[in-house]
Amino acid sequence: MTNPNGRFGIHGGQYIPETLMNAVIELEEAYNHYKDDPEFNRELTELLNEYAGRPSRLYYAKKMTEDLGGAKVYLKREDLNHTGAHKINNVLGQALLAKKMGKTRLIAETGAGQHGVATATAAALLGMECVVFMGEEDIKRQALNVYRMRLLGAEVIPVTSGTGTLKDAVSEAMREWTGRISDTHYCLGSVMGPHPFPTIVRDFQAVISKEIKEQMLEKEGRLPDAVIACVGGGSNAIGSFYNFIEDKSVRLIGCEAAGRGIDTFETAATINTGRLGIFHGMKSYFCQDEYGQIAPVYSISAGLDYPGIGPEHAWLHDIGRAEYVAITDDEAVNAFEYLARTEGIIPAIESAHAVAHAIKLAPTMDKDKIIVITISGRGDKDCAAIARYRGEDLHE
Amino acid sequence: MSNIAKAFAGGKAFIPFITCGDPDLATTAAAVRAMAANGADLIELGIPFSDPTAEGPVIQGANIRALKAGTTTDKVFDFVREVRRDVTIPMVFMTYANVVFSYGAEKFISTCAEIGIDGLILPDLPYEEKDEFLPICRKYGVDLISMIAPTSENRIAMIAKEAEGFLYIVSSLGVTGTRSEIKTDLASIVKVVRENTKTPCAIGFGISTPEQATTMAGIADGAIVGSAIIKLLEQYGTDAPEHIGAYVKSMKDAIRA
């Protein structure tokens with residue numbers, strides 16, 4: 001799906017300082033070598049299955065289906081992976097690749113902390129050094145994940161520049177990589193940044209849609225009618241969509257964080273409110289002002305609180321293959337509580353954005369239709385913040 | 001001869017950088033005049049960007065202050081029109097790709113030509129992506145400045161061969177900011193550059209003292225200084241221009257000694 005220059009339609013590319021060019025070229029060459037290497041794939045599959053717990057379940061949400069009274073709802077349970085989110089799929093792949101490249105140190109950005117935890121985990125397992133950059137705002141709202149990263153032996157560096165959120169953590173990780181390349185791999189957490197990251201991360205996450213397809217064919221003997229996933233940078237969404245892109249009967253729906261609403265400035269809904277730009281190594285859509293200054297976006301979800309979207313999503317939007325809807329904080333919190341009460345599953349607040357859209361969509365569809373929602377992560381990390389949102393103060 | 005080439009015609013060039021609008025555009029205008037009067041050969045004018053990923057903390061701070069003061073691309077253009085009435089040395093813009101792209105590349109670059117901006121430095125536009133703006137830069141006679149880094153190795157010849165205006169050689173790994181020591185083997189890099197182009201080259205990143213400037217200008221055709229000047233603005237605010245003038249004079253005297 002990627003052309004040789006790392007373009008998805010007009011999106012993508014390599015808009016980075018010259019200092020990093022040989023590093024991304026080296027990464028692309030190594031990836032092209034190892035992605036078809038049987039020994040690499042055997043090792044990665046073993047890690048994914050034996051360590052991370054793949055394949056993840058495709059669970060029929062019977063009570064939710066009955067309650068909504070429309071399409072059958074299945075949940076792809078990425079929350080059941082080791083470390084509690086889909087992030088581990090990509091991280092195990094990249095960490096193994098980095099190790100093969102002779103790198104001894106992993107650096108990463110993190111928003112909600114799930115990617116940071118996954119990177120710290122892989123580093124511990126593979127005996128690598130790990131440094132995670134995290135915005136100071138996110139450190140406040142995701143204290144549990146900060147502790148987990150430190151427990152796993154990673155150093156967590158608070159980022160105070162800009163809005164102190166995910167975009168600033170990405171900027172700081174890029175700055176760090178410019179300063180130390182020879183022993184360090186930048187383990188980017190989403191399908192964004194300069195080529196080859198959007199392709200590498202997508203390939204490692206594509207296991208989600210590969211499994212959904214196999215499991216759905218086994219359970220229902222047919223493909224689903226819609227696949228719904230939340231989108232920040234868009235890694236769980238592209239992972240959920242990828243193997244269905246050619247199956248035109250399957251609607252692909254990405255759920256962006258609208259924050260307090262797409263008609264307010266407190267939003268992170270890139271496709272719904274952004275425009276074409278060049279930032280963080282890629283051409284794509286970004287929330288920005290008339291002079292191209294990147295907007296200080298907002299969402300209750302630290303993992304979706306990013307002013308851009310991966311270039312492959314931007315392209316899927318351009319060609320009309322995927323739809324991108326905006327879900328507000330309120331809708332996401334309601335869905336968070338709904339899934340907990342209805343199915344006994346506490347989703348990450350990020351994933352709750354996808355649940356929220358399914359709650360709207362399922363009742364409008366016939367009972368013989370099927371929806372798959374990717375539950376990209378578990379919600380334990382969000383309990384204190386959601387309690388606060390409801391006016392309750394928890395002491396963790 | 002391009003206007004930029006004139007900066008290198010009289011000997012080693014001293015190239016100061018300043019972020020426009022830090023703390024306000026009137027101070028920037030006074031600082032630019034002080035630089036020109038004290039021997040600057042070419043001035044790099046930074047247009048502030050919200051997320052300057054190639055900058056260290058000092059220049060990041062200047063970008064934030066300038067944006068908080070309400071600096072916009074249009075106001076920077078007006079400021080250049082005003083200083084161009086009496087400042088005749090070459091001037092280039094240093095900013096990020098999105099500032100140009102978002103304004104409309106053709107509108108941005110044609111305005112550069114109209115107001116007397118001679119070149120454009122975009123640290124997030126490597127060789128592979130330069131076609132984004134190069135055809136438009138050529139159309140309006142604005143030089144798109146290429147950069148070479150300590151990690152460029154096998155890429156130096158390719159980049160140098162197509163260089164226009166001058167070549168910006170990044171002295172060290174990492175982001176902008178003063179450094180006590182520069183360890184990169186810059187002489188070897190400059191040797192490859194010279195084998196591949198007649199375009200002059202200047203070294204930047206980490207240079208702050210007259211001794212460093214002398215060493216760097218000895219290796220290349222000029223030295224670029226940014227963070228050390230921004231520190232004077234941090235320290236003296238609207239009173240900074242006279243200090244900047246004295247600093248530029250000390251640096252220029254050192255490299256031409």
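1. Let's start with how chain B's contacts spread along its sequence. This is a predicted model, and if you take the contacts in chain B between residues at least 6 apart in sequence, 75% of them join residues at least 24 apart.

2. Next, the overall build of chain B. Its secondary structure adds up to 12 helices and eight strands. The C-alpha atoms sit in a box of roughly 45 × 40 × 30 Å along the principal axes, and buried residues account for 60% of the 257 residues.

3. Is that what you'd expect from a compact globule or not? For 257 residues, such a globule would have a radius of gyration near 18 Å; chain B comes in at 17 Å, so the two agree.

4. Now look at where chain B meets chain A. The contact uses 32 residues from chain B and 27 residues from chain A. On the chain B side, helix 3 (57–68), helix 5 (97–103) and strand 5 (143–148) each give two or more residues. Helix 5 of chain B has the largest share, with six residues. Sorted by class, this side of chain B has 16 nonpolar, 10 polar and six charged residues.

5. Chain A is split into domain 1 (17–48 + 86–201) and domain 2 (55–84 + 206–389), so to speak in pieces that you can trace by residue number. The C-alpha centres of these two domains of chain A are 22 Å apart. Their contact takes 31 residues from domain 1 and 35 residues from domain 2.

6. Which helices of chain A supply at least two residues to the domain 1 side of that contact? Among them are helix 4 (87–100), helix 5 (114–126) and helix 8 (166–179) of chain A. The domain 1 side divides into 13 nonpolar, 14 polar and four charged residues.

Methods. Residues are numbered from 1 along each chain as its sequence is written. Chains are lettered from A and ligands numbered from 1 in the order in which they are written. This is a predicted model: local features need pLDDT of at least 70, side-chain atom pairs count only at pLDDT 80 or more; totals for chains, interfaces and linings use all residues. Helices (H or I, at least four residues) and strands (E, at least two) are DSSP runs, numbered from the N terminus. The radius of gyration is taken over C-alpha atoms; the globule rule is 2.2 Å times the number of residues to the power 0.38. A residue is buried if 20 or more other C-beta atoms lie within 10 Å of its own, exposed if 12 or fewer, and partly exposed in between; C-beta atoms are placed from the backbone. Two residues are in contact if their C-beta atoms, placed from the backbone, lie within 7 Å. Ala, Val, Leu, Ile, Met, Phe, Trp, Tyr, Cys and Pro count as nonpolar, Asp, Glu, Lys and Arg as charged, and the others, Gly among them, as polar. Domain bounds come from an automatic or database domain assignment.
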